[in-house]
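Subject: Structure handover

Hi,

Here is the structure I promised to pass on to you. Please have a look at it first, and then read on for what I found in it.

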Amino acid sequence: MLSHEFPPHFFGGAGVFCYHLARVLARSGTYVTVVASRPSSAIKARLAQPRTVEGNLEVIWVPRADFPPRHLW
């Protein structure tokens, strides 16, 4: 799954929907990989790992500018 937002870095419905869909699929036995953005300052400050794995759910974080992506739209 590709998403511009995913908890804990989300601003609205798209992040919440992606989170719940990924969790339900992972619980049902499907291996899910989510590629989501995270502020580059969080990655540089090592506040978060670039990859998170929880059972069948893997989240790969890619850096983005430190302002919400919706400002680019």
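Let me start with a pair of charged side chains: R23 and E54 form a salt bridge, and their closest N and O atoms are 2.6 Å apart. R23 lies in helix α1 and E54 in strand β3, residues 51-54, so the pair ties together parts that are 31 residues apart in sequence. The structure holds 1 salt bridge, so you have just met it, going by the cut-off of a Lys or Arg side-chain nitrogen within 4 Å of a carboxyl oxygen of Asp or Glu. As for the surroundings of the two partners, R23 is partly exposed, at a relative accessible area of 21%. E54 is partly exposed too, with 47% relative accessibility. Please keep in mind that this is a predicted model.

The overall picture

The protein chain has 73 residues, and 32% of them count as buried. Its secondary structure comes to 2 helices and 4 strands. Read from the N terminus, the elements follow the order β-α-β-α-β-β. If you take the contacts between residues at least 6 apart in sequence, 61% of them join residues at least 24 apart. The accessible surface of the chain comes to about 4,700 Å², and carbon and sulfur atoms account for 62% of that.

Helix α1

The helix that carries R23 deserves some time of its own. Its 15 residues should span 21 Å at 1.5 Å a residue, and the end C-alpha atoms of α1 are indeed 21 Å apart, so the two values agree.

Which residues of α1 are buried? They are G15, C18, A22 and A26. These residues cover an arc of only 65° around the axis, which puts them on the same side of α1. On the other side of the helix, G13, F17, V24 and R27 are exposed. After α1 comes G29, which has a positive phi, near 105°.

A nonpolar patch

If you colour the surface by residue type, look for M1, F17, L21 and L25: they form a nonpolar patch there, with about 340 Å² of accessible area together. Two of its members are worth a note each. F17 has its place in helix α1 and is exposed, with a relative accessible area of 58%. L21 also sits in α1, which covers residues 13-27, but L21 counts as partly exposed, at 33% relative accessibility. L21 and M1 are 20 residues apart along the chain, and 9.7 Å separates their C-alpha atoms.

The start of the chain

Strand β1 takes in residues 2-3, and S3 is found in it. Is S3 buried or exposed? With 14% relative accessibility, S3 counts as buried. Leaving aside neighbours within four places in sequence, S3 is in contact with C18, V35, A36 and S37. One of these, C18, is among the buried residues of α1. Another is S37: S3 and S37 are 34 residues apart in sequence, yet 7.3 Å apart in space from C-alpha to C-alpha.

Going on from there, H4 has its place in the loop between β1 and α1. H4 is partly exposed, with a relative accessible area of 29%. In sequence H4 and V62 are 58 residues apart, while in space their C-alpha atoms are 9.5 Å apart.

The loop after β3

To finish, let us go back to the strand that holds E54. G55 lies in the loop between β3 and β4, the latter being residues 57-64. G55 is exposed, at a relative accessible area of 62%. How far apart are the C-alpha atoms of G55 and R27? They are separated by 8.4 Å, although the two residues are 28 places apart along the chain. R27 has already come up above, as one of the exposed residues of α1.

If you want a short route through the model, begin with the R23 and E54 salt bridge, then turn to the buried side of α1 with G15, C18, A22 and A26, and end at the patch of M1, F17, L21 and L25.

Best wishes

Note on methods. Residues are numbered from 1 along each chain as its sequence is written. This is a predicted model: local features need pLDDT of at least 70, side-chain atom pairs count only at pLDDT 80 or more; totals for chains, interfaces and linings use all residues. Side-chain values use heavy atoms; hydrogens and water are left out. Buried means under 20% relative accessible area, exposed over 50%, partly exposed in between (1.4 Å probe, protein chains only). Patches are made of residues with over 30% relative accessible area and no salt bridge: like charges are joined within 9 Å, nonpolar side chains (Val, Leu, Ile, Met, Phe, Trp, Tyr) within 5 Å. Accessible areas come from the Shrake-Rupley method with a 1.4 Å probe; for residues, only the protein chains shown count as cover. Contact means heavy atoms within 4.5 Å. The expected span of a helix is 1.5 Å times one less than its number of residues. The arc is that of the directions from the helix axis to the C-beta atoms.
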